[in-house]
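I opened this notebook page to record what I looked up, one topic at a time. The entries below follow the order in which I went through the structure.

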Amino acid sequence: MTDAAIPRFTGDASPYAGGDPYADHRTADFPFTHLVDLADRRLGAGVIAANDEFFAERENLLKPGPAVFDPEHFGHKGKIMDGWETRRRRGVSAAEPHPTPDDHDWALVRLGAPGVIRGIVLDTAHFRGNYPQAVSVEGASLPGSPSPEDLLAPDVKWTTLVSRTPVGGHAANGFAVDAEQRFTHLRINQHPDGGIARLRVYGEVAPDPAWLTALGTFDLAALENGGQVEDASDRFYSPATNTIQPGRSRKMDDGWETRRRRDRGNDWIRYRLAAQSEIRAVEIDTAYLKGNSAGWAALSVRDGENGDWSEVLPRTRLQPDTNHRFVLDGPVRATHVRIDIFPDGGISRLRLYGSLTDEGAAGLAARHRELGG
């Protein structure tokens with residue numbers, strides 16, 4: 001189900017006339033883009049199959065960053081595009097040269113983390129006259145690591161997330177999704193053919209509670225485990241969500257960095273943990289933040305939406321480009337965590353190691369059942 005209030009784009013864009021190729025790109029401020037991109041490659045997402053990728057590979061759909069356009073880049077099949085592009089469909093004969101209304105191309109996408117989807121963006125950047133006439137998106141939830149053949153089996157239940165909708169060329173086509181279910185895979189359909197540059201799938205991670213229980217001790221704030229950023233004082237250079245991405249940061253903008261403060265305040269991030277948990281150890285990493293890392297950091301927790309904040313790590317000096325490890329004096333029960341940095345700068349990752357409480361595990365299992373898991 002989609003939200004009619006979100007701007008819609010249809011029709012061709014003008015042919016590229018030189019200069020900045022994004023100057024006439026059509027886009028909008030979508031209300032869901034502050035959420036996690038469940039199709040982020042860093043979380044393990046992948047395009048696992050497509051019926052056709054003659055002109056441009058399906059994997060391009062999930063590349064980070066905007067699509068790139070080089071007007072001089074041609075190969076032996078024609079213009080090379082930074083997206084997924086299929087060949088032109090044809091009818092069955094000279095008497096019926098056009099594709100049927102049901103003809104379409106498709107790609108299967110494995111989400112990096114299972115979750116509840118709140119919005120989808122299918123960006124046709126640089127596909128000005130070779131974009132699909134319409135798109136549709138379906139979601140499914142399967143356990144384990146299903147193959148393309150498993151997903152295409154006739155008994156798999158697919159739920160329509162975006163009904164067949166006309167889209168525009170060289171435009172970010174956004175769709176709000178209203179389906180309170182947990183999905184692991186998507187089927188992206190373009191009718192009848194054409195090209196899509198990027199796919200973004202925004203929502204909330206819904207982890208498997210059985211997996212987290214089996215792990216015992218894990219990172220309670222990690223995106224892949226259901227942690228999330230609720231708010232931050234500043235996102236000027238990079239998003240606060242970077243601090244709970246998988247793995248260590250590999251460059252400066254893969255962390256969180258704030259603008260330079262000229263007042264006497266400080267910057268902060270507030271997190272919600274996967275569920276009520278007991279925290280036992282903390283890592284604060286400033287990897288690749290060398291002349292702009294935070295000077296000091298403090299950590300506070302609260303238990304419940306209206307609980308009082310309690311400091312568990314006092315203001316502590318941080319070193320540039322360093323992973324700092326702290327063992328807490330004892331397990332700390334919490335549902336929310338706040339890191340304060342002084343006075344400004346950034347950190348690359350925050351890791352909070354511990355385990356679910358009995359109450360937290362029960363709540364997570366109930367939510368999992370509610371979402372159809």
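These entries cover the nonpolar core, one strand and its partners, a buried aspartate, and the salt bridges.

**Entry 1, the model and its core.** I note at the outset that I am working from a predicted model. I first asked which residues of the largest nonpolar core touch the most other members. That core has 67 residues, and the ones that touch the most other members are I117, I120, I279 and I284. As background, I wrote down that nonpolar side chains in soluble globular proteins tend to be buried together.

I then took I284 and listed its contacts, leaving aside the neighbours within four places in sequence. The list includes the nonpolar residues A297, L313, L318, F326, I339, I347 and L350, and I284 is also in contact with T322, N323, H324 and R349.

**Entry 2, strand β17.** I turned next to β17, which spans residues 296–302 and is mostly covered, with six of its seven residues buried. Its pairing was the next thing I looked up, and I found that β17 runs antiparallel to β18 (residues 310–317), the two being joined by five bridges. To β19 (residues 323–342) β17 is joined by seven bridges, and this pair is antiparallel as well.

To fix the register for myself, I followed S300 to both sides: its bridge partner in β18 is E311, and in β19 it stands opposite R338.

**Entry 3, D37.** Which side chain of opposite charge is nearest to the buried D37? I found that it is R200, at 4.1 Å, and that D37 has no salt bridge. The reason is a matter of the cut-off, because a salt bridge needs a side-chain nitrogen of Lys or Arg within 4 Å of a carboxyl oxygen of Asp or Glu.

D37 lies in strand β1 (residues 36–37), and its side chain reaches the backbone nitrogen of A39 at 3.0 Å. Leaving aside neighbours within four places in sequence, I recorded contacts of D37 with L43, R200, V201 and Y202.

**Entry 4, salt bridges.** How many salt bridges does the structure hold? The total is 30, and I looked at three of them one by one.

In the first, R42 and D40 come together with their closest N and O atoms 2.9 Å apart. R42 is partly exposed at a relative accessible area of 39%, whereas D40 counts as buried at 13% relative accessibility.

In the second, the side chains of R272 and E230 meet at 2.9 Å, N to O. This pair links distant parts of the chain, since R272 is in β16 (residues 267–285) and E230 is in β14 (residues 228–232), 42 residues apart. By relative accessibility R272 counts as partly exposed at 27%, and E230 counts as partly exposed at 26%.

In the third, R333 forms a salt bridge with E278, and the closest N and O atoms are 3.6 Å apart. Here too distant parts of the chain are linked, with R333 in β19 and E278 in β16, 55 residues apart. I noted R333 as partly exposed, with a relative accessible area of 43%, and E278 as partly exposed, with 23%.

Last, I recorded a network in which R118, E180, E204, R367 and E370 are joined through salt bridges that share partners.

Technical notes:
Residues numbered from 1 in each chain as written. Predicted model: local features only at pLDDT ≥ 70, side-chain atom pairs only at ≥ 80, totals over all residues. Heavy atoms only, no water. Core = buried A, V, L, I, M, F, W, Y, C linked by side-chain atoms within 4.5 Å. Buried < 20%, exposed > 50% of the residue type's maximum accessible area, 1.4 Å probe, protein only. Contact = heavy atoms within 4.5 Å. Helix = DSSP H or I, 4+ residues; strand = E, 2+ residues; numbered from the N terminus. Pairing = 2+ DSSP bridges. Lys, Arg positive; Asp, Glu negative; His and termini not counted. Polar contact = N/O pair within 3.5 Å; in protein donor to acceptor, adjacent residues only side chain to side chain.
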